[in-house]
Amino acid sequence: MNNKDYRAAVPDMPLSFARKMDETLERIENMETKKRKMSPRALIICAILVVTLIGSAIAATEYRVFDILWHMNPLGGAENLIEKNVGVYENEYVRVAIEEAAYDGQGVMLYIRATPLKPETHPLYSPIMNTENDSDWVYKHTEYEDGSGMIEFLGRSDGKDFVSFGVSVTVEDENGKEIWLDAWDAKKEADGSVILYADGFSDEKLGDTAVLTAKVRSHLCAPDATRKTSFPEGEIIHTMPKVDVTRNYKLIPVSAEEIAHFDLIEGEISFTPVRGYMKIRYAYQEREDEPMGVTFKPYFPDGMEIVDGSGGQTLLGEENGFELWEELSEIQSYETLPETITIRVKVIGEARYLCDVECRVVAQ
């Protein structure tokens with residue numbers, strides 16, 4: 001299962017929805033870029049979340065690169081990880097600049113601005129912009145008998161040529177460990193510019209340096225969305241130093257309800273000022289009434305939920321009829337943790353839980 005898989009990140013999302021979303025994105029992209037999966041953060045209507053932090057915290061809105069973290073707040077000191085004016089690509093129609101980048105040794109967030117250089121005659125279009133309800137753009141909606149559907153992008157309604165652009169980003173350290181930034185969001189500014197937010201994290205910590213490579217593809221398109229010109233690919237390369245700001249904890253299960261087909265083996269949490277990374281290793285035997293497996297929600301001893309976000313699961317192997325899995329998810333960062341936390345085991349796709357596992361927290 002891929003990192004930040006739809007089902008792992010949002011357990012209640014039907015698999016058919018995730019597949020149709022992939023198909024729709026592939027159709028409207030129409031560019032030679034890697035196929036991306038939209039982050040659930042770009043798909044869910046954001047509720048107002050009140051997060052109680054242990055220690056000092058900063059408001060995410062103070063730094064634009066953290067706007068993608070609508071579901072959690074960075075801690076004080078996160079601003080020290082931000083680099084500004086990372087790099088620029090420009091042709092005669094569009095200027096694409098990485099204005100802010102935040103790197104915490106395992107994850108990367110980017111704030112990218114695309115500015116139209118001829119906004120009156122050649123507006124910008126990005127496949128991840130939410131323009132379905134914008135009268136300037138034309139879409140075709142198709143519904144299928146099974147209740148699913150697709151959306152096809154058809155171009156401009158006002159007869160203007162436009163510039164379609166896309167940005168793909170990878171980050172790789174000196175040992176070949178890679179982050180593929182697979183969570184994207186976009187918004188249009190009043191001046192016609194487009195803001196892109198990108199986010200991703202690795203399954204493990206990266207080395208002493210990490211090289212960010214951003215590839216920019218842009219095309220001059222006719223009003224019917226056919227290409228007239230493809231511009232040379234732009235590339236922005238930037239080396240980011242690792243900042244040693246991580247606090248590490250081991251999770252040792254000390255009590256649990258007896259579940260014949262499940263066992264939480266161990267866990268760990270790493271906190272940076274930006275966010276936390278929680279890794280849970282467990283054994284699971286799939287049953288007919290639980291065909292999609294389980295995922296996890298962390299809680300403080302008083303019952304307050306620790307906010308989590310995107311994540312993914314990796315199959316490690318099989319032993320005695322049980323599959324051995326590892327789940328990694330991002331969580332709210334804290335300055336300290338209590339002596340114990342509770343890991344609630346949730347059935348994916350259902351609003352029910354298998355058990356609660358109390359874990360002792362040991363600082364590393």
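**View 1. Eight strands line up in an open sheet.** In this predicted model, the strand order reads β17-β20-β21-β14-β15-β16-β19-β18, and the pairing is antiparallel. At the edges sit β17 (294-299) and β18 (308-319); each has a single partner strand, so one side of each goes without a neighbour in the sheet. Ignore direction, and neighbouring strands here are turned by 25° against each other on average.

**View 2. A zoom on the pairing of β14 with β21.** Strand β14 covers residues 247-256, strand β21 covers residues 353-363, and the two pair in the antiparallel sense over seven bridges. Want a spot to centre the view on? Try Lys250, whose bridge partner in β21 is Val362. As general background, strands of a sheet pair through backbone hydrogen bonds, either parallel or antiparallel.

**View 3. Asn320 has a positive phi.** Where does Asn320 sit? Look in the loop between β18 and β19 (322-331). Phi of Asn320 is near 55°, and this residue is not a glycine. For context, most residues other than glycine have a negative phi. Is Asn320 buried or exposed? With a relative accessibility of 69%, Asn320 counts as exposed, because the cut-off for that label is over 50%.

**View 4. An open sheet built from five strands.** Here the order is β1-β2-β3-β10-β9, with antiparallel pairing. The edges belong to β1 (82-90) and β9 (183-188), each of which pairs on one side only. From one strand to the next, the twist averages 20°.

**View 5. Strands β3 and β10, side by side in that sheet.** How many bridges join β3 to β10? Eight of them link β3 (residues 107-116) with β10 (residues 194-201), and the two strands run antiparallel. One residue pair to pick out is Leu110 with its bridge partner in β10, Ala198.

**View 6. Asn85, a residue of strand β1 with a positive phi.** Asn85 isn't a glycine, yet its phi is positive at about 55°. Asn85 belongs to strand β1, an edge strand of the five-strand sheet. The side of Asn85's story that concerns solvent is simple: it is exposed, with a relative accessible area of 68%.

**View 7. How far to trust the chain, and residues 1-61.** Average pLDDT for the chain is 83, and 83% of the residues score at least 70. Over residues 1-61, though, the pLDDT is below 50. That stretch still has 154 contacts in the model beyond near neighbours in sequence. Where pLDDT is low, the predicted coordinates should not be read in detail.

Note on methods:
Residues numbered from 1 in each chain as written. Predicted model: local features only at pLDDT ≥ 70, side-chain atom pairs only at ≥ 80, totals over all residues. Heavy atoms only, no water. pLDDT = per-residue confidence, 0-100. Contact = heavy atoms within 4.5 Å. Pairing = 2+ DSSP bridges. Helix = DSSP H or I, 4+ residues; strand = E, 2+ residues; numbered from the N terminus. Axes fitted to C-alpha atoms, helices over the stretch in contact; angles between N-to-C directions. Buried < 20%, exposed > 50% of the residue type's maximum accessible area, 1.4 Å probe, protein only.
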